[in-house]
Structures are given as structure tokens and as C-alpha cells.
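Biologist: I would like a close look at a single part of this model, with its surroundings described carefully enough that I can follow along in the coordinates.

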Amino acid sequence: MTQEITEVEPPHRFAAHGVAGPIRPHASIDVEPLDDGARSRMTFELDFEGHGFGKALVPAVRQLAARGAPASHRRLKQRLEADG
């Protein structure tokens, strides 16, 4: 998958979108420091754009992504907290 980085503001924001293929993701990650940097809140946004036959597949792809997101976010949290 080919993506274009559209925003980079380390360490607070990252955004990218797909530029090729029938289904192109649009994603952004925002990190907000909390408690003077002792903790943080991450907001992850993801959507998809269909091109050609991909337009018909976007609803199913969105559903699959929504189902997989909670487990993926739990694993990310565990890894980040383990690395301390």
C-alpha cells in the first residue's frame, strides 16, 4: 500500500492517506499529554475511501476495522506501558 504523509508534528500528531489502490485509508493519530506528561491520551481516526470496485467494499472494510480496533489498541497500550 502506498501512503502519503500529510501531517507530522512530533510527538503530537501524525496523519497519512492512501494514494493508490481500490481502497485507500485515511488515518491520523493525536497524542495529548496528561498529568504533566506522566500519562497521555491517544486518539486514532481511521476511514477508507473506495475507488472503482473498492467503493462497494468500503462498508465491509470499515466494519472489519472497527471490530479489530479494540484488540489492536489494547496490544499497543500493553506494549507502550511495558517499555515504560
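Which residues line the largest pocket?

Modeller: Bearing in mind that this is a predicted model, the lining of the largest pocket consists of Val-31, Leu-34, Arg-39, Ser-40, Arg-41, Met-42, His-73, Leu-76, Lys-77, Leu-80 and Glu-81. The elements that contribute two or more residues to this lining are β3 (23-34), β4 (39-50) and α1 (54-83), and among the contributors α1 gives the most, with five residues. The volume of the largest pocket comes to about 420 Å³. Sorted by class, its lining holds five nonpolar, two polar and four charged residues, the charged ones including Arg-39 and Glu-81.

To place this pocket in the chain, it helps to go through the secondary structure, which comprises one helix and four strands, arranged along the sequence in the pattern β-β-β-β-α. The radius of gyration of the chain is 15 Å, well over the 12 Å that the globule rule gives for 84 residues, so the chain is more spread out than a compact globule. The C-alpha trace spans about 45 × 25 × 15 Å along its principal axes, and buried residues account for 13% of the 84 residues in the chain.

The strands form an open sheet of four, ordered β1-β2-β3-β4 and paired in antiparallel fashion. Its edge strands are β1 (3-9) and β4, each of which pairs on one side only, and neighbouring strands of the sheet are turned by 10° against each other on average, with direction ignored. Strand β3, which helps to line the largest pocket, runs antiparallel to β2 (residues 13-18) and is joined to it by five bridges; within this pairing, Ala-16 has Ala-27 of β3 as its bridge partner.

The second largest pocket is useful for comparison, and it holds about 190 Å³ of space. Its lining is made of Ile-29, Met-42, Phe-44, Leu-46, Ala-65, Ala-66, Ala-69, Ser-72, His-73 and Leu-76, with β4 and α1 as the elements that give two or more residues. Here too α1 supplies the largest share, namely six residues. By class, this second lining has eight nonpolar and two polar residues but no charged ones, whereas four charged residues belong to the lining of the largest pocket. Met-42, His-73 and Leu-76 appear in both linings.

Methods:
Residues are numbered from 1 along each chain as its sequence is written. This is a predicted model: local features need pLDDT of at least 70, side-chain atom pairs count only at pLDDT 80 or more; totals for chains, interfaces and linings use all residues. Side-chain values use heavy atoms; hydrogens and water are left out. On a 1 Å grid over the protein atoms alone, a cavity is a set of points where a 1.4 Å probe fits but cannot get out, and a pocket is an open set with protein on both sides within 12 Å along at least five of seven lines; lining residues have an atom within 4 Å of a point. Grid points are joined across faces, edges and corners, and a volume is the space filled by probe spheres set on the points. Two strands pair if DSSP finds at least two bridges between them. Axes are lines fitted to C-alpha atoms, for helices over the stretch in contact, and angles run from 0 to 180 degrees between N-to-C directions. The radius of gyration is taken over C-alpha atoms; the globule rule is 2.2 Å times the number of residues to the power 0.38. Buried means under 20% relative accessible area, exposed over 50%, partly exposed in between (1.4 Å probe, protein chains only).
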